[in-house]
Amino acid sequence: MVLKKIFIGFLFLYFIFSCEDEKTDCSAVLCLGTPSIGFDILADGTTIFSNGDYTLDNITIEGETALETNIFLESDLDSTQNPILFIQNPNWTESEYEYTVHLGNEELFQMKATFIESEAQNNSCCGNVAIVQSLEINGSPLEKSNGFYIISLD
């Protein structure tokens with residue numbers, strides 16, 4: 001009888017310790033970052049930020065969620081080393097957003113971006129992120145080229 005209780009006790013402990021929860025190592029999972037849109041803005045075939053005539057200080061953005069929207073320049077992202085203008089908002093969700101981007105005192109372009117929610121690759125580590133479904137600049141659809149949108153001011 002005592003042996004039976006000891007055997008059942010060992011069997012019980014074996015099942016408790018062998019049923020360990022599967023834990024996902026999130027440090028090895030690559031998640032999408034904050035939703036953003038990159039623009040290579042050209043005038044006379046050259047990026048307007050590459051020669052120093054314009055800087056990030058010359059760019060402003062207006063729109064419903066403009067206060068939460070960040071703008072920044074990032075270089076060395078493509079083989080041409082051109083600075084790319086990024087517009088980013090961590091609060092973008094599946095919806096449509098409209099902005100007006102100004103260069104100094106002049107309107108540079110009007111943008112209408114439609115976002116959809118992407119499915120998370122690993123739900124236990126990454127949440128869904130809004131990604132651009134379509135983008136219009138001054139009322140015309142714009143396609144990506146090398147991961148960025150190219151806007152020609154000519």
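Buried means under 20% relative accessible area, exposed over 50% and partly exposed in between, with a 1.4 Å probe and protein chains only. This is a predicted model, in which local features need pLDDT of at least 70, side-chain atom pairs count only at pLDDT 80 or more, and totals for chains, interfaces and linings use all residues. Residues are numbered from 1 along each chain as its sequence is written, and side-chain values use heavy atoms, leaving out hydrogens and water.

**Exercise 1.** Decide whether Phe115 is buried or exposed, and find its surroundings.

*Solution.* Start with the element: Phe115 belongs to strand 7 (strands are DSSP E runs of at least two residues, helices H or I runs of at least four, numbered from the N terminus). Next, its relative accessibility is 2%, so Phe115 counts as buried. Now look for contacts, meaning heavy atoms within 4.5 Å. Beyond neighbours within four places in sequence, Phe115 touches residues including Ile37, Trp92, Tyr97 and Val132.

**Exercise 2.** Work out which strand gives the largest share of the largest nonpolar core.

*Solution.* Such a core is a set of buried Ala, Val, Leu, Ile, Met, Phe, Trp, Tyr and Cys residues joined through side-chain atoms within 4.5 Å. The largest one has 26 residues, with Ile37, Phe39, Phe109, Met111 and Leu135 making the most contacts inside it. Strand 7 supplies the largest share, five residues.

**Exercise 3.** Find which strands stand at the edges of the open five-stranded sheet.

*Solution.* Write down the order, 3-6-7-8-9, with antiparallel pairing (a pair needs at least two DSSP bridges). Strand 3 (59-63) and strand 9 (140-141) each have a single partner strand, so they are the edges. As a check, two bridges join strand 8 to strand 9, and Ile137 pairs with Ser140.
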